[in-house]
Structure formats: C-alpha cells, structure tokens
Amino acid sequence: MVENIPPRKVWEALQADPRAQLVDVRTDAEWAYVGLTDLAASGKQPVLIPWQVFPQMGVNEGFVDQMRQAGFTPEHHIYFLCRSGVRSLAAAQAMQAAGYPHVYNIADGFEGPPDADGHRGQVAGWKADGLPWRQR
C-alpha cells in the first residue's frame, strides 16, 4: 500500500533527506502551462516523467524504465506528484510493484480538488499550501 503524504511533509523530507526526490508525473502541457514545484531551496530539481502521454492520455508504457534511466534505485525515497493525487498514486503503485519500497503519493497533488467555483489550487495541494512553485 502506498502512503499519502501531505505536501508540507514532503517539502520537509526533500530538504532533510538526501535520498528523497520528487517525481512530477503530469504531462508536458501541465508543466508548461500550470507550473512546476520549485525545489531550489532543497538543492534539488523535480524529475519530470509523465505517467500518461498527452494528448491521448494513454499510460506511459516505458514509465518504470524511464525511472530507472533517471537513476532511481530501490534505496531512493520517491515522492510522486500529479494534479490531484490520482495519477501519482498509480505511478507510485507501479514503482512499488517494480521493487521500489520507498514510494509515496503527494496527497492532493499540485493543484488539489476544485473549489466551489470549480477552480483548482485554492483548497488543498502543493500550491494551496503555499509551497514554492514557478511558471516554466
């Protein structure tokens, strides 16, 4: 079972644990138009590997191999991020099934659920928690 970790706890882990890394599994379009986590204060950069491929949104069949090619080993503590926490959970489960025991889902993702007006980024998630992010 993959544990959901609140964004603030992830931020603390990224700063304190050299084995901790954030993997953003959103699409190229989301990275370009919505924004990215800014991990500069932790001395790290987010690793960008999409779980689904835009625009068809089919699962990225090479995801696990791309994670390995990016240098991830079972010793890493990997925190997965998407828009709301659904795709990132699937990505974490795939890596757990591939033999990576320290995988976590970032609860509510980058933007979280929509508010009463249908806007994301205000209720919960990385942005709503006031954690560092930037436009590309």
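**View 1. The open sheet and its edges.** In this predicted model, five strands line up as an open sheet in the order β1-β8-β7-β2-β4, with parallel pairing. At the edges stand β1 (3–5) and β4 (47–48); each has a single partner strand, so one side of each is left without a neighbour in the sheet. Helix α1 (residues 7–16) packs on this sheet and touches β1, β2, β7 (77–81) and β8 (103–106). The direction of α1 makes about 130° with that of β2.

**View 2. Where β2 meets β4.** Here we look at strand β2 (residues 20–24), which pairs with β4 in the parallel sense over two bridges. Look for D24, whose bridge partner in β4 is L48.

**View 3. Strand β7 and its enclosed side chains.** Is β7 buried or exposed? Five of its five residues are buried, so β7 is largely enclosed by the rest of the structure. From this strand, H77, Y79 and L81 point one way, while I78 and F80 point the other way.

**View 4. The two partners of F80.** β7 runs parallel to β2, and five bridges join the two strands; F80 is the bridge partner of V23. β7 also pairs with β8 in the parallel sense, over three bridges, and there F80 stands opposite N105.

**View 5. A β-α-β unit with α4.** Which elements make the right-handed β-α-β unit? They are β7, α4 and β8. Helix α4 (residues 86–97) lies across β7 and β8, and runs at about 180° to β8.

Key: Residues numbered from 1 in each chain as written. Predicted model: local features only at pLDDT ≥ 70, side-chain atom pairs only at ≥ 80, totals over all residues. Heavy atoms only, no water. Pairing = 2+ DSSP bridges. Helix = DSSP H or I, 4+ residues; strand = E, 2+ residues; numbered from the N terminus. Contact = heavy atoms within 4.5 Å. Axes fitted to C-alpha atoms, helices over the stretch in contact; angles between N-to-C directions. Buried < 20%, exposed > 50% of the residue type's maximum accessible area, 1.4 Å probe, protein only. Right-handed = clockwise from strand over helix to strand, strands pointing away.
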